[in-house]
Amino acid sequence: MKFMKLGSRPDTFYTSEAVRSVSSEVSSDLIIQVKGSRYLLHKFPLLSKCLRLQRLCSEYAESSQHQIIQLHDFPSGVEAFELCAKFCYGITITLSAHNIVAARCAAEYLQMTEDVEKGNLIYKLEVFFNSCILHGWRDSIATLQSTKAFPLWSEDLGITGRCIDAIASKVLTHPSKVSLSHSYSRRGRDDMSCNGAESLRHGKPGNKGWWAEDIAELGIDLFWRTMIGIKSGGRIPSNLIGDALKIYAAKWLPNISKNGYSKQAASTSDSDSDCGNDLTSKHRLILETIVSLVPVEKGATSSSFLLKLLKAANILNASSSSKMELAKRVGLQLEEATVGDLLIPSVPHEAKGTRYDVDIVMTILEQFKLQGQSPPTSPPRSKLGNFQRRRSRSAENIDFEFQESRRSSSASHSSKLKVAKLVDVYLQEVGRDVNLPLAKFIAIAEALPEFARHDHDDLYRAIDIYLKAHPDLNKSERKRLCRILDCKKLSMEACMHAAQNELLPLRVVVQVLFFEQARAAMAGGKVTDLPSNIRALLASHDIDPTRPPPPLSASSIIPADDQWSVSGLKSPKSKMSTLRMKLEEDDDLDDNGIGRSSRLKALCLLPTRPKRMLSKLWSNNRSSTTASEKN
């Protein structure tokens, strides 16, 4: 830390009966009242350097032996006034980054300018500030922090702006060329005196983001102005800006847990409500300021960090514009998120009823869809006739750009596949909420295009969880829910589970059995043996007979209670009883207008080889019917 010493006389100030005086053979003739403290001083040394004191003393009668000067609006504390007084007496004073702002404001108030005396205090402070303080990294930060006590004076004197410009310029400069002085992130010493003394220096940093931890010590207003200066330079990568914001948020924002509460919030809830409200307002201001500083470039900040900010925004009741901005940024890189990141707690003071805020997730999905582009079409081929023509360099460039656009489209398609998997697992988590409306569940499931899901196993698992958590759904609501399910995209295990799922509508169970048996027959090499009505029905549902059923997707995070159990399918009786129960339950026509009898007739036309689910089912049905007739 750099410092400067002025004056050569020893300190002769002392305190007597709560009054500060200076030892001198000459009796004091000036009383100055500063911030509740009284000083017995002498006119000659002070008036010769302080223009304001000259003017105040001229207003009193010369006959008064002791003139009392009241400095009610003195900007700094008594320490700064005493420092200026000692300078007038020639007593040694030490200036550093910690007291230069207070001394500069006090000197400005007392008008210790060059017009009064050459080499006055203001001049010396400016020389030290410009030549030493602004050249050191840690000195600039410490000085900037000290301006919080005198914001208006610091702004008027240009101290705040010059410190911010100096810090920003050092961030934009290579670290090896920066005089670091002392840094919180490095336990070294670098004390340098502008009078010539110099102590041991530590090594220079090599990390590009070496400045982020020290910047995080600033208050939110100064941090915002400093980051704006750094970003305006245009030389710092956006990911380093994002890292600096992440460090600052980790230091100043409360830790939001999964259920929406933090340790800090819990501790303040028991304290005074006004204090808690002030703390919440402070955190809200910090959050909204950080959001305004997030770089626009994709990938500058991780999706996890953005979603943590969004969780905090919900808890702190941040502005809707901040929430929308975060939702847009998350939507640009939603494929990087995890299910835990998307579980955003609902606002406690809003009686939504749901545990998690599914509306903001829907907004994120809408923003994600906005960035999707249709797959590029192939470039038009020029008709060259029967002769060959040499390709120009511009044509090669066009082909290169086309290939790049195809790669970009492939990446977009891949992100949609990842997001679809993410959404399905997310639905499994929020589907357990008994207060989650059916319309919101369906809206989230239908937010992505059909091609984004290679299989519907995870979606079926989410539907099954929702049906278990909402047993009061009527028949029409269950049908509406199951319309989002494509039975053709279910694996064998999912089909076996759906066949004995008593919560599903009959139409879904019949479709599952039908499509699985049809695929099994195709896979057994009996494609030509299928009846014409079955082939027509397959074609109407866009079934690819040659494609095997998709594999079961992994879902390791589902609790054991929600895992599928297919042990009951080993017994044809359980399968038959399930279907018989559903046939008795659903006597009316389904949504497609196909009657139960016509559907059973179509199913009975299925081939018997290879014998899979329906073949076992029908054989068991016939045997049970024959036994009943004999009895």
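1. In which sense, and over how many bridges, do strand 1 (residues 3-6) and strand 7 (residues 93-96) pair? The two strands pair in the antiparallel sense, over four bridges. One pair within this ladder is M4 in strand 1 with its bridge partner L95 in strand 7. The model under discussion is a predicted one.

2. Side chains along strand 1 alternate between two faces. M4 and L6 point to one face and are buried, while F3 and K5 point to the other face and are not buried.

3. Overall content: the protein chain has 27 helices and seven strands. Of its 631 residues, 47% count as buried. Taking contacts between residues at least 6 apart in sequence, 75% join residues that are at least 24 apart.

4. Five of the strands form an open sheet with mixed pairing, and the strand order is 2-3-5-4-6. Strand 2 (13-16) and strand 6 (67-71) are the edge strands; each has a single partner strand, so one side of each has no neighbour in the sheet. From one strand to the next, the twist averages 25°.

5. At one edge of the sheet, strand 2 pairs with strand 3 in the antiparallel sense, over four bridges. F13 stands opposite V22 in strand 3. The two strands form a hairpin with two residues between them. In the turn, E17 has a positive phi of about 55°.

6. Strand 4 (residues 30-34) and strand 5 (residues 37-41) also pair in the antiparallel sense, here over five bridges. Within this pair, I31 has L40 of strand 5 as its bridge partner. Helix 2 (residues 51-58) packs on the sheet and touches strand 4 and strand 6. The direction of helix 2 makes about 125° with that of strand 6.

7. Helix 3 (residues 78-89) lies across strand 2, strand 3 (19-22), strand 4, strand 5 and strand 6. Relative to strand 5, helix 3 runs at about 5°.

8. Helix 3 also meets helix 4 (residues 100-110): their axes come within 9 Å and cross at roughly 65°. The two helices are therefore roughly perpendicular to each other, and the crossing is right-handed. On the helix 3 side, the contact is made by A80, F81, L83 and C84; on the helix 4 side, by A102, A103, A106, A107 and L110. By class, this contact has nine nonpolar residues, with no polar and no charged ones.

9. A second helix pair consists of helix 19 (residues 438-445) and helix 21 (residues 475-482), whose axes come within 10 Å and cross at roughly 15°. Helix 19 and helix 21 are therefore roughly parallel to each other. Helix 19 passes helix 21 in a left-handed crossing. L438, A439, F441 and I442 of helix 19 meet E477, R480 and L481 of helix 21. This contact has five nonpolar residues, no polar ones and two charged ones.

10. Is S415 buried or exposed? S415 counts as buried, because its relative accessibility is 9% and the cut-off for buried is under 20%. The residue sits in helix 18 (residues 393-430). Leaving aside neighbours within four places in sequence, S415 is in contact with E335 and F368. The C-alpha atoms of S415 and A452 are separated by 8.9 Å, with the two residues 37 apart along the chain.

11. Two loop residues deserve a look for their backbone angles. Most residues other than glycine have a negative phi. Phi of Q111, a residue other than glycine, is positive, near 60°. Q111 is in the loop between helix 4 and helix 5 (121-131), and at 19% relative accessibility this residue counts as buried.

12. N317 likewise is a residue other than glycine with a positive phi, near 60°. N317 lies in the loop between helix 14 (303-315) and helix 15 (320-332). At 37% relative accessibility, N317 counts as partly exposed.

Conventions
Residues numbered from 1 in each chain as written. Predicted model: local features only at pLDDT ≥ 70, side-chain atom pairs only at ≥ 80, totals over all residues. Heavy atoms only, no water. Pairing = 2+ DSSP bridges. Axes fitted to C-alpha atoms, helices over the stretch in contact; angles between N-to-C directions. Contact = heavy atoms within 4.5 Å. Parallel < 35°, antiparallel > 145°, perpendicular 65-115°, else oblique. Left-handed = near helix turned anticlockwise from the far one by under 90°. Nonpolar A, V, L, I, M, F, W, Y, C, P; charged D, E, K, R; others polar. Buried < 20%, exposed > 50% of the residue type's maximum accessible area, 1.4 Å probe, protein only.
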